[in-house]
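Walk through this chain one feature at a time. Keep the viewer open and follow along.

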Amino acid sequence: MQNIHQQSRRNFLSNTAKLTAGSALMASAMASAASISIRANNPPTQCADLNSIKSINAPHYLLRNVRLEDGFEREGETVIATKTSLYQLEINNGKIVAIQPANTAADNTLPTFDARGLLLLPATRDMHIHLDKTFYGGPWQAPRPRKGKTIMDMIAREQVLIPKLLPTSVEHAEAIIGLLHSKGTTVARSHCNIDPVSGLKSLEHLQIALEKHKADFSCEIVAFPQHGLLHSHVDGLMREAMQMGVQYVGGLDPTNVDGAMEKSLDAMFQIAIDSQKGVDIHLHETSPAGVAAVKYMIKTVEQNPQLQGKVTLSHGFALSTLHDAELDAVIDGLARQQFSVASTVPIGKLAMPLPQLSEKGVVVMTGTDSVIDHWSPFGTGSMLEKANLYAQLYGNSDEFGLTRSLAIATGNVLPLDDSGKRQWPAVNDNAEMILVDASCSAEAVARISPVKATFHQGRLVFGSIQKV
Ligand SMILES: [Zn+2]
């Protein structure tokens, strides 16, 4: 990709070598930058000075000196600290098969790696991102001014821009996968444009990128009619996309873009029902029309129970306009129909009722949305940062609140349950995990502590580990 040479060195390093692993470019870059991570499926490499391993090929190995959370320390009823100690984990074929105290006699026949006391946390999940149309991996480029621009103006901009992005969209998607790895994410859900200017090309390119990373990254795809399902007449293309292995039917602002709320939502749900897929709709509308759309979707799922548990409301800003009894009623409806909500945890005027949703049993997920593209330049790709934002916005600054805030970043997997009993990791859990330079999960959330190593299905996909 032609833009790599124009990047700053810092950006380049953070992209990781997955960007163009195997290319001549990376070969020379890796020779000059020993700290870059390498692809998980490359032969093990060893730095002579530090015994630092950047890939683990053995499916069966020991990871020793791993810090796990043991429980809460209380002062009266109040959680004031998190107790931890060191353990030895045995990993086999992507699973954690044994968890023992650190002083247990090691099995000398197994390859052994030393986590040097770093904290083990569940890997994070980015459940709303657009891997298909990003500037990331290229030169700095701010979005054009958004003030006074409507979503229809943005769609017009996309019609010009998308064809220009397509030639390098595979490489850019791979660059973001490398960024996500470096932040601790191994599982994602990516929206992908299905629009008249790119047809199914964006999807094809995204699938090429994901195929290249199938060993180190798991990603569901949402076919996203960004230019309007009805407005851009892509019903047929969406149905073709369903046959290409995507998992979700996307949707977009049925009133502001399609100008026909019920007709647009009916068309979206019909594709999902016909193809037996789930739904993940972008709903930005904050007008009463947005609330009406949420209520109409709840009613539709009620009437079509095969959709229960399969519908995600992305953004759902309309919920931030509701209060008291009306908000409770809508949240009850979302919970009854087993909706999930994907939120970027917006800051500013809109305060999403995320804790209230969680309390009523609605699964709340978070995601990056844009890393850097024509919509926003502010994404870091860090789900720990989203947990931090959540903690700040909803007043979770104490030890217990900080630990609970991690849930939106990890798909609700937390090391300790509310009573302080360890629930993760457990024997037979997937080895989907990160090593973080923090003393406990509360510190990791509050300080957005650096991720030192990321494991997907037991494979080291980012960072390094000490070979013993
Ligand atoms: Zn989005």
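What follows goes from strands to helices and then to the backbone of single residues.

The model is predicted. Begin with strand 3 and strand 4. Strand 3 covers residues 60-75, and strand 4 covers 78-92. The two strands run antiparallel and are joined by 13 bridges. One pair to find is Phe72, whose bridge partner in strand 4 is Thr82. Strand 3 and strand 4 form a hairpin with two residues between the strands. In this hairpin Gly76 has a positive phi near 65°.

Now follow strand 4 onward into strand 5, residues 95-101. This pair is antiparallel as well, with six bridges. Asn92 has Lys95 of strand 5 as its bridge partner. Strand 4 and strand 5 also form a hairpin, and two residues lie between the strands. Which residue takes a positive phi in the hairpin of strand 4 and strand 5? That residue is Asn93, with phi near 50°. Asn93 is not a glycine, yet its phi is positive. Asn93 sits in the loop between the two strands. Is Asn93 buried or exposed? Asn93 is exposed, because 10 other C-beta atoms lie within 10 Å and the cut-off for exposed is 12 or fewer.

Next comes a sheet. This open sheet has eight strands, in the order 8-9-10-11-12-13-14-15, and the pairing is parallel. Where does the sheet end on either side? Its edge strands are strand 8 (124-129) and strand 15 (363-366), and each of them pairs on one side only. Neighbouring strands are turned against each other by 25° on average, with direction ignored.

Look inside this sheet at strand 12 and strand 13. Strand 12 covers residues 278-283, and strand 13 covers residues 311-315. The two pair in the parallel sense over five bridges. Ile281 stands opposite Leu313 of strand 13. His315 also belongs to strand 13. Its phi is positive, about 70°, although His315 is not a glycine. What are the surroundings of His315? His315 is buried, because 24 other C-beta atoms lie within 10 Å and the cut-off for buried is 20 or more. Set the two non-glycine cases side by side: Asn93 is exposed, whereas His315 is buried.

Turn to a helix pair. Helix 6 spans residues 235-242, and helix 7 spans residues 261-275. They pack at an angle of about 30°, and their axes are 11 Å apart. Why is helix 6 called roughly parallel to helix 7? The reason is that the angle of about 30° falls under 35 degrees, the cut-off for roughly parallel. Helix 6 passes helix 7 in a right-handed crossing. From helix 6, the contact uses Asp235, Met238, Arg239 and Met242. From helix 7, it uses Ala267, Ile271 and Ser275. By class, four of these residues are nonpolar, one is polar and two are charged.

One peptide bond closes the tour. Go to the loop between helix 13 (407-410) and strand 16 (433-436), where Pro425 has its place. Is the bond from Trp424 to Pro425 cis or trans? The bond is cis, with omega near -5°.

Key. Residues are numbered from 1 along each chain as its sequence is written. This is a predicted model: local features need pLDDT of at least 70, side-chain atom pairs count only at pLDDT 80 or more; totals for chains, interfaces and linings use all residues. Axes are lines fitted to C-alpha atoms, for helices over the stretch in contact, and angles run from 0 to 180 degrees between N-to-C directions. Helices (H or I, at least four residues) and strands (E, at least two) are DSSP runs, numbered from the N terminus. A crossing is left-handed if the near helix is turned anticlockwise from the far one by less than a right angle, and right-handed if clockwise. Two residues are in contact if their C-beta atoms, placed from the backbone, lie within 7 Å. Ala, Val, Leu, Ile, Met, Phe, Trp, Tyr, Cys and Pro count as nonpolar, Asp, Glu, Lys and Arg as charged, and the others, Gly among them, as polar. Two strands pair if DSSP finds at least two bridges between them.
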